[in-house]
Structure formats: C-alpha cells, structure tokens
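Trainee: I would like a close look at a single part of this model, the sheet. Please go through how it is put together and what is attached to it.

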Amino acid sequence: MQVSVTFKNIAPSDALKASINKKLSKLDKLIYKPAEARAVFSIEKTRHIVEINLTGARLNLRAKETSENMYSSIDLVVDKLRAQLNKN
C-alpha cells in the first residue's frame, strides 16, 4: 500500500510516519490491490487529530480521530478503518 503523509501545524516526524506505515501495513491484507492511503496529522490547541483517506479498487473510506496523544489517535483511526473494512 502506498501511504502519503501530510503534517499541518506540527513538525514533520519520521517516528509518526513509521508508526502509520506499520499500522496501515496490517490492514493491507484486507484490501483489494492496489490501494493508496493519505494520512493528515494536525494539532489544534491540545487536540491531536489524525485523518486517513483510504482508496482502492472497490472502496473509498475515510476516518478521523481526535485525542490528547498523537499515537493514541493513530490507534483509534486504524481501528475505525479496520471496522469499516470488515463491514465491507
């Protein structure tokens, strides 16, 4: 899966990129090939927001989560995407 990462109001971090790539690679077996994911990391005051748009041959999914920690936001948004994929 090809993953593109965008940062808004936050300094780019290789650790965040590696974390989202690792989490999304686990979803790769549930998706028809080829697939593309666009992840947007942003901070608004104390909220850490992660938004992912996942597009593939037969699907177009979107998930957004907010929490106090960026890594917990990543976990929540990937869980939400997994639930959407299982539903489809």
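Mentor: What follows starts with the strands of the sheet, then takes the helices, the salt bridges and two loop residues.

The model is predicted, and everything below should be read as a description of that prediction.

The sheet is open and has four strands, in the order β1-β2-β3-β4, with mixed pairing. Strands β1 and β4 are the edges: each has a single partner strand, so one side of each is left without a neighbour in the sheet. From one strand to the next, the twist averages 15°.

Take the pairing of β1 with β2. Strand β1 covers residues 2-8 and strand β2 covers residues 36-44; the two run parallel and are joined by seven bridges. Two positions help to fix the register by eye. Val 5 stands opposite Ala 39 in β2, and Lys 8 stands opposite Ser 42 in β2. As a reminder for viewing, side chains in a regular strand alternate between the two faces of the sheet.

Ile 43 is also in strand β2. With a relative accessible area of 22%, Ile 43 is partly exposed; the cut-off for buried is under 20%, so the value falls outside that class. Between Ile 43 and Phe 7 there are 9.0 Å from C-alpha to C-alpha, although the two are 36 residues apart in sequence.

Leu 54 belongs to strand β3. Its relative accessible area is 0%, and Leu 54 is therefore classed as buried. The C-alpha atoms of Leu 54 and Glu 36 are 5.9 Å apart, with a sequence separation of 18 residues. Since Glu 36 falls within the residue range of β2 and Leu 54 lies in β3, this pair can be used to look across from one strand to the other.

Now the connection between the parallel strands. Helix α1, residues 14-27, sits between β1 and β2 in the chain, and the three elements make a β-α-β unit that is left-handed. The handedness is worth checking in the viewer: with the strands pointing away from the viewer, a clockwise path from the first strand over the helix to the second would count as right-handed.

Helix α1 also packs against α2. Two packed helices are described by the angle between their axes and the distance between the axes. For α1 and α2 the angle is about 20° and the axes are 10 Å apart. That makes α1 roughly parallel to α2, because angles under 35 degrees are put in that class. The crossing of α1 past α2 is right-handed.

The salt bridges come next; the count is six. One of them connects the two helices: Asp 75 pairs with Lys 23, with 2.9 Å between the closest N and O atoms. Asp 75 lies in helix α2, residues 70-87, and Lys 23 in helix α1, so the pair ties together parts that are 52 residues apart in sequence. Both ends are partly exposed, Asp 75 at 34% relative accessible area and Lys 23 at 25%.

Another salt bridge joins the side chains of Arg 47 and Glu 44, at 2.5 Å from N to O. Arg 47 is partly exposed at 41% relative accessibility, and Glu 44 is partly exposed at 39%.

A further salt bridge is formed by the side chains of Glu 51 and Arg 62, at 3.0 Å from N to O. This pair links distant parts of the chain, eleven residues apart: Glu 51 is in strand β3, residues 47-55, and Arg 62 is in strand β4, residues 60-67. Arg 62 has a relative accessible area of 48% and counts as partly exposed.

Finally, two loop residues deserve a check of their backbone angles. Most residues other than glycine have a negative phi. Asn 9 has a positive phi, near 60°. Asn 9 is in the loop between β1 and α1 and is exposed, at 66% relative accessibility. Lys 45 likewise has a positive phi, near 55°. Lys 45 is in the loop between β2 and β3, and its relative accessible area of 83% makes it exposed.

Terms used
Residues numbered from 1 in each chain as written. Predicted model: local features only at pLDDT ≥ 70, side-chain atom pairs only at ≥ 80, totals over all residues. Heavy atoms only, no water. Pairing = 2+ DSSP bridges. Salt bridge = Lys/Arg side-chain N within 4 Å of Asp/Glu carboxyl O. Buried < 20%, exposed > 50% of the residue type's maximum accessible area, 1.4 Å probe, protein only. Axes fitted to C-alpha atoms, helices over the stretch in contact; angles between N-to-C directions. Parallel < 35°, antiparallel > 145°, perpendicular 65-115°, else oblique. Left-handed = near helix turned anticlockwise from the far one by under 90°.
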